[in-house]
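The exercises below are meant to be worked through with the sequence and the 3D view side by side. Please read each task, try it, and then follow the solution step by step.

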Amino acid sequence: MKLDIIFSSVVLAILIVMMVVSTGYPPKARLFPLILIIFTAGLVGIHLIKLIWGKTKKEELSEVEKPAARVSWTSYFRAPVWIGGFLLAIYLLGYLVGAALFSLLYLKVHGEKWGMAIGFSLGVIALVYGGFEIALKTPLYGGLLFQ
Amino acid sequence: MILGLFNGFLSIMDPVILTYLMGGILLGVVIGILPALGGLNGLAILMPLVFGMEPTRAFALLLGMYSISPMAGAATAILMNIPGDSPNSATLLDGFPMTEQGHAGRALGAAFTSSSLGGLVGALTLALSIPIFRPIVMAFGSPESLMLVLMGISSVAVLGVSSPLKGLIAAGLGFIVSFIGYQAVSGFARYTFDIPYFFDGLDVVPMALGLFAMPEVIDLITTGESIAKVRVSTPTTTDLWEGVKDVFRHWGLFIRACVIGLIIGIAPGVGATAAAWMGYAQAKQTSKNPEKFGTGCIEGVIAPEAAHGADHGGGMIPTLAFAVPGSGSMAILLGILVILGIQPGPFLIRDHADLVFSMVAIMMVSYIVGAIILICGSAQLAKVAFIRGHIMGPSILILVAIGAYCVDGSLLDVFTTFAIGGIAYLMRHLDYSRPAVFLGFLLGGLAERYFYLSLGAYRWSFFFLPIPFTIIVITVIMLSFEKVYGWIKSRF
């Protein structure tokens with residue numbers, strides 16, 4: 001519930017900023033967005049009030065949405081670190097080298113054997129170079145260090 | 001209709017299109033069996049690949065995958081008690097007990113047969129409905145189209161979710177994100193804050209990948225676990241064939257489940273998972289031995305699979321006829337139409353009837369071929385689900401990064417995808433409806449255009465025109481029915 005309050009507060013703040021910014025637009029540019037922003041901000045406000053006053057009843061998880069995995073608190077930092085590292089690798093080394101190195105490192109850190117890790121990385125290279133650069137003639141980003 | 005369907009089949013009898021179709025079917029088998037994915041995420045991940053593709057080829061790939069995914073997901077549900085796709089969650093109630101009793105083959109045969117036959121029923125219904133809807137859509141102008149869009153979005157936002165308020169907030173946020181960039185009506189740049197990347201607004205592909213695929217990647221990397229650990233027994237051919245015959249023995253149940261699936265599919269915002277559960281519920285209610293459900297009853301496998309199979313075709317009716325998606329997956333289908341340069345909305349059936357019939361033909365062929373592949377390959381299927389989670393995580397991450405880059409050859413799209421993914425993960429954790437966000441984003445521009453056209457022609461009185469007003473009343477009834485019925489029930 002605390003996280004929901006923070007999220008809703010941030011959303012409400014952004015909507016208020018957008019409302020203020022909209023007032024500087026010409027009439028046709030601001031009418032429809034203002035209607036939606038005010039409507040959504042109103043709903044967020046109602047939701048915040050319900051949260052803060054503790055009147056929100058415990059909601060069952062939807063069948064459409066998959067339930068979040070039960071993990072330890074520190075595990076939530078794992079994903080941003082790996083994904084951030086992956087992005088950095090792509091930015092600096094490009095898809096061909098960056099994605100392959102990321103795969104190799106990720107699999108080795110998670111206990112895979114060298115054969116599997118190297119094979120997977122070669123598969124990534126085959127996909128990027130063979131699949132996209134050769135077959136589809138769609139060159140992917142080459143990396144800042146190689147430009 | 002018959003001529004249209006015949007031409008639809010002819011149009012896909014091309015070696016290249018059939019290759020795409022087979023590729024889609026095989027992808028559907030893999031995606032369906034892997035519990036972390038599912039048809040909706042599969043559509044989002046494959047979306048970037050269809051840029052610039054000829055529409056029939058694109059739909060051969062995508063619908064081939066989408067049609068087979070929940071059918072294949074039944075294998076994981078029956079063999080490992082893990083739903084491969086969310087509509088399979090009802091199937092495992094009786095499917096897995098049958099595996100424990102040594103009748104896995106019978107359950108699999110019944111599941112694949114009822115799902116594929118249900119899908120054929122849905123596809124045929126779609127084909128039959130096209131000539132009916134074509135004259136109806138001619139009566140629709142801007143006010144009617146606007147109300148349909150709002151009805152569709154609010155249905156997805158409110159129905160089938162745990163918190164309607166959060167669903168509407170999600171839809172509103174999706175709308176608001178769609179306003180970023182140059183407005184079509186005035187040419188004025190809105191909410192760009194002078195950042196050139198935002199001048200053209202956000203693209204459909206980063207939104208889809210970020211909203212649907214990235215949270216799964218984050219989950220896989222966060223949990224770091226294998227998906228399945230259970231030992232699996234090999235189904236026998238005799239058992240499989242017995243399951244196939246079971247569907248025809250219970251033909252009344254099968255038909256009832258298909259009707260439920262069609263109705264749920266046509267109703268916007270509900271989805272295949274609800275269809276499967278309602279199919280299961282009616283099977284139990286109408287059974288002579290309801291106490292046997294949950295202990296390995298074959299009817300408990302046939303009904304949900306038939307229902308969600310029929311739901312596919314039913315869901316495409318409002319999606320293609322009125323741009324009102326039957327489910328989150330249909331919302332992505334609308335996005336794919338946009339990518340292919342086809343404007344979704346009431347005139348799609350009028351202007352692209354040949355494409356619609358091709359889609360029907362693709363679905364029908366997918367169901368038949370997919371069922372044959374699954375029945376013949378059922379002994380090997382289960383092994384796919386043992387792919388370790390920390391192999392799937394980077395695989396999907398790389399595919400998402402490539403897909404996002406292919407939009408415009410810009411790393412900014414990749415960063416945007418990952419940023420949206422982080423927000424989407426949080427939204428999923430907090431139970432906000434991501435299909436509602438995506439739909440609001442997708443149809444926001446269209447809704448605004450219809451709004452200004454309606455305002456220009458009728459002023460504010462367009463709300464009170466007969467058809468728009470009727471749609472408003474239907475929407476209010478649909479959204480408030482559950483609350484009002486619950487209140488009446490508690491009073492009396």
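A nonpolar core is a set of buried Ala, Val, Leu, Ile, Met, Phe, Trp, Tyr and Cys residues joined through side-chain atoms within 4.5 Å. The model used here is a predicted one.

**Exercise 1.** Find the residues with the most contacts inside the largest nonpolar core, and say which helix gives the largest share of this core.

*Solution.* Begin with the core itself, which has 201 residues, and mark A:Tyr95, B:Phe59, B:Phe418 and B:Phe438 as those with the most contacts inside it. Next, turn to helix 4 of chain B (residues 55–80), from which the largest share of this core, 15 residues, comes. Finally, look around B:Phe438: leaving aside neighbours within four places in sequence, B:Phe438 is in contact with residues including B:Met47, B:Val204, B:Leu211, B:Phe212 and B:Ile332.

**Exercise 2.** Describe how chain A and chain B meet, going from the contacts and the buried area to the polar pairs and then to the helices of chain A.

*Solution.* Start with the contacts, in which 66 residues of chain A touch 74 residues of chain B. The area buried between the two chains is about 6,000 Å², and carbon and sulfur atoms give 75% of that area. Then consider the polar side, where the count is twelve residue pairs in polar contact, both residues being at pLDDT 80 or more. On the side of chain A that touches chain B, two or more residues come from each of helix 1 (2–22), helix 2 (27–52), helix 3 (78–109) and helix 4 (114–135) of chain A, with helix 2 giving the largest share, 15 residues. Sorted by class, this side has 47 nonpolar, nine polar and ten charged residues.

**Exercise 3.** Which side chains meet in a salt bridge between chain A and chain B?

*Solution.* The count between the two chains is one salt bridge, and the side chains that meet in a salt bridge are those of A:Asp4 and B:Lys166, at 2.9 Å from N to O.

Key
Residues are numbered from 1 along each chain as its sequence is written. Chains are lettered from A and ligands numbered from 1 in the order in which they are written. This is a predicted model: local features need pLDDT of at least 70, side-chain atom pairs count only at pLDDT 80 or more; totals for chains, interfaces and linings use all residues. Side-chain values use heavy atoms; hydrogens and water are left out. Contact means heavy atoms within 4.5 Å. Buried area is the accessible area (1.4 Å probe) that two parts lose on being put together, summed over both. A salt bridge is a side-chain nitrogen of Lys or Arg within 4 Å of a carboxyl oxygen of Asp or Glu. A polar contact is a pair of N or O atoms within 3.5 Å; within protein, one must be able to donate a hydrogen and the other to accept it, and residues adjacent in sequence count only if both atoms are side-chain atoms. Helices (H or I, at least four residues) and strands (E, at least two) are DSSP runs, numbered from the N terminus. Ala, Val, Leu, Ile, Met, Phe, Trp, Tyr, Cys and Pro count as nonpolar, Asp, Glu, Lys and Arg as charged, and the others, Gly among them, as polar. Buried means under 20% relative accessible area, exposed over 50%, partly exposed in between (1.4 Å probe, protein chains only).
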